[in-house]
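Q: Please give a close account of the shell around the ligand: which classes of residue make up this shell, and how many of each? Please set the answer in the context of the domains and of the sheet.

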Amino acid sequence: MTLPRLVVLSRRGRATLAPDHWAELERHADVLVVPCERAPERADAARLLAGADLLAATNLCLPAVDPDLLDALPGLRGIVLYATGYDHLDIPLLRSRGVGLSILPGYATTAVAEHCLAMLFGLATRLHLAHDRSRGAAPPTVSLRGVELRGRTLGVVGLGRIGGEVARMARALGMAVRGTDTDPAAAARAAASGIETTDLAGALGADAVAVCASHTFGAPPVIGAAELAALAPGALLVNVARASLVDTAAAVAAVRGGRLRGYAVDDTVLDPAVDGDLLAQGRVLQTGHSAWWRDETLDRGARMWGERMLAAVRGAPLDPVTWPEHAPAAPATAAVGA
Ligand SMILES: NC(=O)c1ccc[n+]([C@@H]2O[C@H](COP(=O)([O-])OP(=O)(O)OC[C@H]3O[C@@H](n4cnc5c(N)ncnc54)[C@H](O)[C@@H]3O)[C@@H](O)[C@H]2O)c1
């Protein structure tokens, strides 16, 4: 019997999974593990992936798929992604080529929700600036004056796993939380767990807004200039999901114009040579996509990734990202934690 060929692209190579996971995978598949610090060049990708039935990759190693790459991989039937967000992948293209996609839903929910709260606390307390001032990295003229969060309102955009957890944590801090979701089922699950739901305008009217939504390949930002103009004057904006959900240039203009008291984003969006003053004053706080990077998520992510690879090589249908009609019925309440 010919075993399916699984190619694994990961920065840590074989160190990514436990040895017993590799052993089990190798009983069911012809496995090639390729350590990669970044996405391989096109010619290298086609060579490395030649003959692959299944590809397992991190977002770093697979930042895009396009028709040319898929043309070079006619046998590919599935991608097992080490990520929750897959907005960099063209799902209609994968679907048209019969390539399924498997992701890791929920492996980092707690970490990312905690990071969202940490960014909110950062903007409110100016903790990062107090630290910088104490080590001489920010001049004494940089203000450390902050605001309290208790009693303020938080609007949550996207009430899925992460947004739901952010809402619950913020309520525990004494914030009044209201959230919005474009998926009525997600909004209904949040409402059933006691979260007040509203429309986007209602969420944007809060003292602070947390962007926790998923993003769709090629879609425009959810928070653009018009939405920023609708924010309460002096609002705090935190984006823990994807930088592309917020129009960065418009957010910078809103910070400079005073509409936004601060913008925190879990990515690296500003060039210090251009907007270094905003970074030095801490009015833009950027954390370089580190929200998920915790001991627990690394363990959980590796385990889940290995399990999903194993399911894929055994022929199980991949997650219903490419084929939503294969989705199991939604649970009665929103998933919490991992
Ligand atoms: N920073 C990190 O390290 C990190 C880690 C994991 C996930 N993420 C990002 O967080 C996102 C959310 O993760 P999740 O597990 O909560 O996903 P999820 O699928 O459980 O929830 C996302 C929710 O956003 C909603 N949504 C989509 N577009 C919307 C819009 N325009 N307005 C309002 N709601 C909208 C969806 O309907 C869904 O309910 C992921 O897609 C990923 O991009 C970031």
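A: In what follows, Ala, Val, Leu, Ile, Met, Phe, Trp, Tyr, Cys and Pro count as nonpolar, Asp, Glu, Lys and Arg as charged, and the others, Gly among them, as polar. On that scheme, the shell around the ligand has 14 nonpolar, 12 polar and five charged residues. The model is predicted: local features need pLDDT of at least 70 and side-chain atom pairs count only at pLDDT 80 or more, whereas totals for chains, interfaces and linings use all residues. Residues are numbered from 1 along each chain as its sequence is written.

A residue belongs near a molecule if its C-beta atom, placed from the backbone, lies within 6 Å of it. Of the 31 residues around the ligand, those that come nearest are Gly85, Gly158, Gly160, Ala186 and Ser214. Two elements, α5 (109-125) and α7 (161-172), give two or more residues to the shell, and α7 supplies the largest share, three residues. Helices (H or I, at least four residues) and strands (E, at least two) are DSSP runs, numbered from the N terminus.

The shell draws at least three residues from each of domain 1 (5-107 + 295-322) and domain 2 (109-286); these bounds come from an automatic or database domain assignment. The C-alpha centres of domain 1 and domain 2 lie 32 Å apart. Nine residues from domain 1 and eight residues from domain 2 form the contact, where two residues are in contact if their C-beta atoms, placed from the backbone, lie within 7 Å. On the domain 1 side, the residues touching domain 2 comprise three nonpolar, four polar and two charged.

An open sheet of five strands follows the order β2-β1-β3-β4-β5 with parallel pairing; strands pair if DSSP finds at least two bridges between them. Since β2 (30-35) and β5 (100-102) stand at the edges with a single partner strand each, one side of each is left without a neighbour in the sheet. From one strand to the next, the twist averages 15 degrees. Strand β3 (residues 54-58) pairs with strand β4 (residues 78-82) in the parallel sense over five bridges, and Ala56 stands opposite Val80 in β4. Helix α13 (residues 295-313) packs on the sheet, touching β1 (5-10), β3, β4 and β5, and its direction makes about 175 degrees with that of β4. Axes are lines fitted to C-alpha atoms, for helices over the stretch in contact, and angles run from 0 to 180 degrees between N-to-C directions.
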